[in-house]
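This report introduces the structure shown below to a reader who is meeting it here, taking a single residue as the starting point and moving outward from there.

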Amino acid sequence: MAKSLKSPPADLTRISTRNGGTFPLARISKVISGEAQLPGGHGNREMPVWGPFFSRVDADQDLGRMRVDSLARYLRKIQQP
Ligand code: HEM
């Protein structure tokens with residue numbers, strides 16, 4: 001899968017390292033939901049926009065937001081030094 005992408009998927013355990021040691025929680029939530037551009041993003045992003053998927057699981061839109069937030073917090077937890 002990774003090989004068929006034009007830009008390689010980011011190593012999600014090194015987001016903090018790439019960001020000077022702090023995890024940009026708000027930005028990462030927006031990258032996942034699709035509200036923010038991916039870094040270096042020009043043209044179409046290759047990563048699917050998850051916000052609408054997660055909100056479509058059921059009628060409650062807040063639950064979609066919660067899923068994005070949980071995922072972003074999980075990524076913060078798996079950061080490597
Ligand atoms: C729910 C599953 C996924 C999550 C939580 C996720 C999360 C992320 C995050 C947070 C970034 C930005 C990293 C940074 O700012 O340093 C990123 C980048 C990226 N992701 Fe995903 N991702 C997921 C699934 C996918 C899938 C399925 C694909 C491919 C079809 C993909 C392709 C990419 C690519 C290519 C980038 C590099 C940035 C760019 O496109 O320019 N991701 N991902």
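## Met-47 and the iron atom

In this predicted model, Met-47 is placed in the loop that runs between α2 and α3. Through its SD atom, at 2.2 Å, Met-47 is the only protein donor of the iron atom of the ligand.

## The largest pocket

The largest pocket holds about 870 Å³ of space. Its lining is made up of 30 residues, of which Pro-8, Pro-9, Ala-10, Leu-38 and Met-47 are the closest to the centre of the pocket, and Met-47, as described above, is also the residue that donates to the iron atom of the ligand.

Four elements give two or more residues to this lining, namely α1 (15–18), α2 (25–33), α3 (50–56) and α4 (61–77), and α2 gives the most, with four residues. When the residues of the lining are divided by character, 19 are nonpolar, six are polar and five are charged.

## How α2 and α4 pack

Two of the elements that contribute to the pocket lining, α2 and α4, also pack against each other, with their axes 9 Å apart and at an angle of about 125 degrees. Because the angle between them has this value, α2 counts as oblique to α4. Where α2 passes α4, the crossing is right-handed.

## Drawing the picture together

The loop between α2 and α3 carries Met-47, whose SD atom is the only protein donor of the iron atom of the ligand, and Met-47 is also among the residues closest to the centre of the largest pocket.

Terms used:
Residues numbered from 1 in each chain as written. Predicted model: local features only at pLDDT ≥ 70, side-chain atom pairs only at ≥ 80, totals over all residues. Heavy atoms only, no water. 1 Å grid on protein atoms, 1.4 Å probe; cavity = no way out; pocket = protein on both sides within 12 Å on 5 of 7 lines; lining within 4 Å. Points joined across faces, edges and corners; volume = space filled by probe spheres on them. Nonpolar A, V, L, I, M, F, W, Y, C, P; charged D, E, K, R; others polar. Donors = N, O, S within 2.8 Å, 3.2 Å for Na, K, Ca; no water. Axes fitted to C-alpha atoms, helices over the stretch in contact; angles between N-to-C directions. Parallel < 35°, antiparallel > 145°, perpendicular 65-115°, else oblique. Left-handed = near helix turned anticlockwise from the far one by under 90°.
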